[in-house]
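The following exercises concern one protein model and are to be worked through with the structure at hand. Each task is followed by its solution in steps.

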Amino acid sequence: MKDPVRRAAGILRRGGLVAFPTETVYGLGADAASAKAVARLYAVKGRPAEHPVIVHFSSAESAFAWAREVPPAAQQLAARFWPGPLTLILKRSALAKDFVTGAQDSVGLRVPSHPVARKLLQEFKRGVAAPSANRFGQLSPTSAAHVRADLGAEVDLILEGGDSKVGIESTIVDLSGQGAVLLRPGGIAKSSLEEILSLQEKSAASPRHSGGLERHYAPRTPARLVPSFGLDKAITETNARVAVLAFSRPDERVAVWLRMPREPEGYARRLYAALRELDAAGCALILVEAPPRSPEWAAVRDRLERACAAA
Ligand code: TXA
Ligand code: MG
């Protein structure tokens, strides 16, 4: 049988949809130059058309062809972190059409490091538009099984690539305006980026992006973030069946309890699979023990806060 990656590239060329592994989360890919393919991608994802999508490439050189200006900071970040979990927002070139940019003047570019993603991008040779391979607003998939459960029949092919190593989405840095703005904390720590440049936090003027919505990356079961000292009380006060995601040891009163690693990389790697497991347990509420407020937990905190934001 034909190599699955070559088959996948053929499907993309014909305007089809391919889910593929990346080091962050699984992506749902379409030919970024095809209006029809991208329209189908948005329909399957259930994503509003005005939200931009990240375009993936096998090299910085091919990615930067989609930008009309590549500031020195972008060159430096790319040299240091690509391939890897970093997305750069740059002023778009004529290659980046309105249907991938949400009609904004910028485009999101990323060169992932997962070997299957790299092979697919090398084989396809062009840009692949890919949001996370889940329905809009819900939990991102970190395994092929997650994608199958979420989108199954609506995807032409799902490439297998094991569990995602990073487990949360890429860090997004906007270099399309003045200075550098951190739009989404993620796979690359802010402190690593700050070895190269100084970052501003995002403001009201920053571009629209769906990961910036208050409730996003969310389980179906209502979820609540509680400080460590309040966990016991929260369990006591809940009259319904609860599921708990925590650092501490299981409490006998709680039927479903997942214990998470005390370091942020390990926590991030397990996060979405853990939330899926708790979501499937049929509880009325998920209680999440809040991680520390220190900077190395920023990306995990961001995802947990959005998962626990009121619907
Ligand atoms: O790790 C990742 O980034 C994964 C994998 C598959 O690469 N992708 C991902 O895509 O998380 P998605 O679409 O779920 O989230 C991409 C975020 C969205 O919040 C989107 O709005 C934002 O990037 N984005 C894309 N292009 C943008 C642009 N031109 N300006 C501002 N935000 C942009
Ligand atoms: Mg997403």
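A pocket is here an open set of grid points, placed where a 1.4 Å probe fits, with protein on both sides within 12 Å along at least five of seven lines. The model to which this is applied is a predicted one.

**Exercise 1.** Determine the volume of the largest pocket and describe its lining.

*Solution.*
Step 1. The volume of the largest pocket comes to about 540 Å³.
Step 2. Its lining consists of 27 residues, and P185, G186, A298, A299 and V300 are those nearest the centre.
Step 3. Assigning lining residues to secondary structure shows that at least two come from each of β9 (181-184), α10 (264-279) and α11 (298-307). The largest share, 5 residues, belongs to α11.
Step 4. Sorted by class, the lining holds 14 nonpolar, 3 polar and 10 charged residues.

**Exercise 2.** Characterise the packing of α10 against α11: are the helices roughly parallel or roughly antiparallel?

*Solution.*
Step 1. The two axes approach within 10 Å, with a crossing angle of roughly 25°.
Step 2. Angles under 35 degrees count as roughly parallel, so α10 is roughly parallel to α11.
Step 3. The crossing of α10 with α11 is left-handed.
Step 4. On the α10 side, the contact is formed by P264, Y267, A268, L271, Y272 and L275; on the α11 side, V300, R303, L304 and A307 take part.
Step 5. The class count for this contact is 9 nonpolar, no polar and 1 charged.
Step 6. V300 links this exercise with the previous one: this residue belongs to the contact and is also among the residues nearest the pocket centre.

**Exercise 3.** Carry out the corresponding analysis for α1 and α6: is the crossing left-handed or right-handed?

*Solution.*
Step 1. Helix α1 (residues 4-13) and helix α6 (residues 115-124) have axes that come within 9 Å and cross at roughly 50°.
Step 2. An angle neither under 35 nor over 145 degrees, and outside 65 to 115, counts as oblique; α1 and α6 are therefore oblique to each other.
Step 3. The handedness of this crossing is right-handed.
Step 4. From α1, residues V5, R6, A8, A9, L12 and R13 meet V116, K119, L120, E123 and F124 of α6.
Step 5. This contact comprises 7 nonpolar, no polar and 4 charged residues.

**Exercise 4.** Which residues does a cis peptide bond join, and where do A103 and K125, with their positive phi, lie?

*Solution.*
Step 1. The cis bond connects W82 to P83, with omega about -10°. P83 is located in the loop from α4 (72-81) to β4 (86-91).
Step 2. A103, although not a glycine, has a positive phi of about 65°. The loop between α5 (98-101) and β5 (106-110) contains A103.
Step 3. K125, likewise not a glycine, has a positive phi of about 75°. K125 is placed in the loop between α6 and β6 (128-129).

Notes
Residues are numbered from 1 along each chain as its sequence is written. Chains are lettered from A and ligands numbered from 1 in the order in which they are written. This is a predicted model: local features need pLDDT of at least 70, side-chain atom pairs count only at pLDDT 80 or more; totals for chains, interfaces and linings use all residues. Side-chain values use heavy atoms; hydrogens and water are left out. On a 1 Å grid over the protein atoms alone, a cavity is a set of points where a 1.4 Å probe fits but cannot get out, and a pocket is an open set with protein on both sides within 12 Å along at least five of seven lines; lining residues have an atom within 4 Å of a point. Grid points are joined across faces, edges and corners, and a volume is the space filled by probe spheres set on the points. Helices (H or I, at least four residues) and strands (E, at least two) are DSSP runs, numbered from the N terminus. Ala, Val, Leu, Ile, Met, Phe, Trp, Tyr, Cys and Pro count as nonpolar, Asp, Glu, Lys and Arg as charged, and the others, Gly among them, as polar. Axes are lines fitted to C-alpha atoms, for helices over the stretch in contact, and angles run from 0 to 180 degrees between N-to-C directions. A crossing is left-handed if the near helix is turned anticlockwise from the far one by less than a right angle, and right-handed if clockwise. Contact means heavy atoms within 4.5 Å.
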